[in-house]
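Let's take a walk through this structure together. Have the sequence and the 3D view open side by side, and follow along as we go.

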Amino acid sequence: FKAKVVYTAGNLVSVIVTADKISPQKPPVTATEVHVTFFRKTADKVIIPRKYEDGLLYLEAKRRLSFFT
């Protein structure tokens, strides 16, 4: 699996976790994708995307978190 912080807003942190299904005969296939939101005690860093694909993940996470704030 891979985990990536895609968005932060104040004390909220949005993480996307991707799990791949691996088979010796076939190439890896993405089996599932989970979006997890954490609450932290301090607001430290702001995530700023540098690549286009990171920007898309950033916007998606921002939209998801807009329901909480």
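How many residues does α1 have, and how far does α1 reach from its first C-alpha to its last? The helix has 14 residues and spans 20 Å, close to the 20 Å expected at 1.5 Å a residue. That expected span is 1.5 Å times one less than the number of residues in the helix. Helices here are DSSP runs of H or I with at least four residues, strands are DSSP runs of E with at least two, and both are numbered from the N terminus.

Before going further, a word on what you're looking at. This is a predicted model, in which local features need pLDDT of at least 70 and side-chain atom pairs count only at pLDDT 80 or more, while totals for chains, interfaces and linings use all residues. Residues are numbered from 1 along each chain as its sequence is written, and side-chain values use heavy atoms, with hydrogens and water left out.

Back to α1, and to its two sides. Asp54, Gly55, Tyr58, Ala61 and Leu65 are buried, where buried means under 20% relative accessible area, exposed means over 50%, and partly exposed is in between (1.4 Å probe, protein chains only). These buried residues sit on the same side of α1 because they cover an arc of only 130 degrees around the axis. The arc is taken from the directions that run from the helix axis to the C-beta atoms. Turn to the other side of α1 and you'll find Tyr52, Glu53 and Arg63, which are exposed. Glu53, for one, has a relative accessibility of 52%.

Now move to the start of the chain. Strand β1 (residues 2–9) and strand β2 (residues 12–21) run antiparallel and are joined by 7 bridges; for two strands to pair, DSSP has to find at least two bridges between them. Want some landmarks along this pairing? Lys4 faces Ile16 in β2, and Ala9 stands opposite Leu12 in β2. The hairpin has 2 residues between its strands, and there Gly10 takes a positive phi near 65 degrees.

What ties β1 to the helix? One link is aromatic: Tyr7 in strand β1 and Tyr58 in helix α1 (residues 52–65) form a pair across 51 residues of chain. The structure has 1 aromatic pair, counting rings of Phe, Tyr and Trp (its six-membered ring) whose centres lie within 6.5 Å; planes under 30 degrees apart are called stacked, over 60 edge-to-face, and the rest tilted. Tyr7 and Tyr58 are edge-to-face, with 4.9 Å from centre to centre and 70 degrees between the planes. Both of these tyrosines are buried.

The charged side chains add another link. Side chains of opposite charge can pair when their charged atoms come close. There are 2 salt bridges in the structure, each one a side-chain nitrogen of Lys or Arg within 4 Å of a carboxyl oxygen of Asp or Glu. Asp54 pairs with Lys4, and their closest N and O atoms are 2.6 Å apart. This pair again connects distant parts of the chain, with Asp54 in helix α1 and Lys4 in strand β1, 50 residues apart. Asp54 is buried at 18% relative accessible area, whereas Lys4 is partly exposed at 38%.

The other salt bridge joins Glu60 and Arg64, with 3.3 Å between the closest N and O atoms. These two are separated by about one helical turn, because they are 4 residues apart in helix α1. Glu60 is partly exposed at 29% relative accessibility, and Arg64 is partly exposed at 38%.

Let's finish at Lys21, in strand β2. Is Lys21 buried or exposed? Lys21 is exposed, with a relative accessible area of 60%. Leaving out residues up to four places away in sequence, Lys21 touches Pro28, Val29 and Ala31, with contact meaning heavy atoms within 4.5 Å. Its C-alpha is 8.7 Å from that of Thr32, a residue 11 places away along the chain. From Lys21 you can also look across the model: Glu53 is 32 residues away in sequence and 22 Å away in space, C-alpha to C-alpha. Ile48, in the loop between β3 (29–39) and α1, is 27 residues from Lys21 in sequence and 30 Å in space, again C-alpha to C-alpha. Ile48 is exposed too, at 63% relative accessibility.
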